[in-house]
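Please open the structure in your viewer and keep the sequence panel beside it. The tour below suggests what to select at each stop and says what is there.

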Amino acid sequence: MYRLTLRVGLRWKLSIAIAAVSALVALVLSLLVHNAARISMINNSRDLQDERLQSAQRIYESNERLAFGAMLNDPDLPEPLLDALARGERATYVSEGGSSSPDVWAATPLPDGGVLSLHTRFTDRYSVLGELDRTLVIGSLTVVLGSTALGVLIGGKLSRRLRKAAVAAGRVAEGDADVRVREAIGGRAQDETDELARAIDAMTDALQARLEAERRVTADIAHELRTPVTGLLTAAELLPAGRPTEMVRDRAQVLRTLVEDILEVARLDGAAERAELQEVALGEFVTRRVRTLAPDAEVEVVRDAIVTTDPRRLERILGNLLVNAARHGAPPVEVTVEDRLIRVRDHGPGFPPALLADGPSRFRTGSTDRAGTGHGLGLTIATGQARVLGARLTFRNTTPGAVATLRLPEAPPDPVGS
């Protein structure tokens with residue numbers, strides 16, 4: 001079963017909430033005002049009807065003339081009025097009657113035993129109530145629309161600030177240490193968004209400080225190891241020829257390569273590397289380097305291009321990709337040059353899922369056999385060198401094999417800082 005999810009931004013959520021509350025408040029206030037006005041009009045109508053009845057009674061008692069539409073012994077008098085008359089009381093009664101203007105009755109007993117009554121419908125008076133209702137509806141709609149617009153404005157501003165914070169945080173996650181969320185969102189508002197930005201900036205500074213400390217420790221350890229490893233290699237050269245000597249020399253050379261790779265990773269992590277730019281014919285450059293680095297690999301130049309890049313770093317990337325394909329893949333290894341694109345493909349089992357999901361990681365080879373060759377630094381170094389060149393190195397699997405794609409930038413990288 002598929003679940004349909006609707007993504008509603010903070011702006012619209014806030015606007016809908018404000019509009020709903022405004023509509024509810026406007027409805028309640030309109031009902032209160034309507035009922036209060038209706039009750040007031042009914043009371044005024046009853047008072048007016050009572051005054052008219054008293055005036056009609058005085059006129060009838062003085063000259064027996066019925067005034068103001070008064071009636072004697074009206075057979076249609078409502079039951080509540082008849083009960084009050086039976087007690088000898090003058091009374092008024094309002095009958096809704098299913099119309100917008102209710103019927104107002106007033107009756108009083110006469111000394112001769114008769115009943116004098118008035119029955120009036122104050123249509124003109126209650127027409128004001130209809131106008132009041134229309135005014136309340138227009139006012140309520142105005143309030144709801146105005147509050148909704150205000151909610152969209154406030155929610156949009158808050159949403160933009162949060163979106164800027166998310167973009168800045170994403171750039172930090174990608175390794176841009178110079179980005180500060182507080183500067184990215186801007187504004188002078190001292191709200192929760194500002195507190196969140198400050199917290200993210202503080203966390204970024206703390207992580208950068210820890211990473212820099214770890215990088216310095218790694219670089220210092222690798223640098224300190226260079227001297228004894230060099231001495232070990234020199235001493236191995238003095239050993240007599242034989243199988244044990246070859247094994248010592250081989251392991252010492254592996255240790256030296258590992259130390260150099262660790263130093264290179266530390267330099268790349270420090271973002272202090274600079275590209276020494278030259279114009280290079282990419283097809284010819286790749287063809288010559290592949291013949292030297294991997295003579296068995298196949299090279300195809302689909303479309304050549306002149307690029308401005310650092311040849312030494314480009315050769316380092318190409319060499320690491322070829323070594324990775326030869327070490328973890330299977331022949332044939334194919335290298336394709338198409339404009340600014342270099343593609344290295346092997347026909348092995350492909351890249352491990354962890355590398356495709358998270359990218360290259362140092363000392364992670366994707367193999368559970370720890371006795372195998374390699375330390376998981378080759379693709380890490382290639383990715384770092386690509387970053388210095390302003391290029392993009394991506395990895396994917398195909399059927400069969402793995403494909404590493406290096407896309408050089410259209411514009412050359414800044415020689416004083418990539």
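The stops run from the whole chain to a helix surface, then to a second helix and the sheet beside it.

Before selecting anything, note that this is a predicted model, in which local features need pLDDT of at least 70 and side-chain atom pairs count only at pLDDT 80 or more, while totals for chains, interfaces and linings use all residues. Residues are numbered from 1 along each chain as its sequence is written, and side-chain values use heavy atoms, with hydrogens and water left out.

**The whole protein**

Show everything as a cartoon, and the secondary structure comes to ten helices and eleven strands, where helices (H or I, at least four residues) and strands (E, at least two) are DSSP runs numbered from the N terminus. Of the 418 residues, 35% are buried, a word that here stands for under 20% relative accessible area, whereas exposed stands for over 50% and partly exposed for what lies in between (1.4 Å probe, protein chains only).

**Helix H1**

Select residues 10–63, which form helix H1, and find Leu24 within it; Leu24 counts as exposed because its relative accessibility is 53%.

**Helix H2**

Next select helix H2, residues 79–86, where Leu81, Ala84 and Leu85 are buried. Looking down the axis of H2, you will find that its buried residues fall within an arc of 100°, so they line one face of the helix; the arc is that of the directions from the helix axis to the C-beta atoms. On the other side of H2, Glu79 and Ala86 are exposed. Just after H2, select Gly88, which takes a positive phi of about 80°.

**The sheet beside H2**

To see what covers the buried residues of H2, add strands S2 (91–95), S3 (103–109) and S4 (115–121), which are included in that cover. These strands belong to an open sheet of four strands, in the order S1-S4-S3-S2 and with antiparallel pairing, two strands being paired if DSSP finds at least two bridges between them. Strand S1 (71–72) and S2 stand at the edges with a single partner strand each, so one side of each is left without a neighbour in the sheet.

Finally, select S3 and S4 together: they run antiparallel and are joined by seven bridges. For one bridge to pick out, select Ala107, whose bridge partner in S4 is Ser117.

Terms used. Contact means heavy atoms within 4.5 Å.
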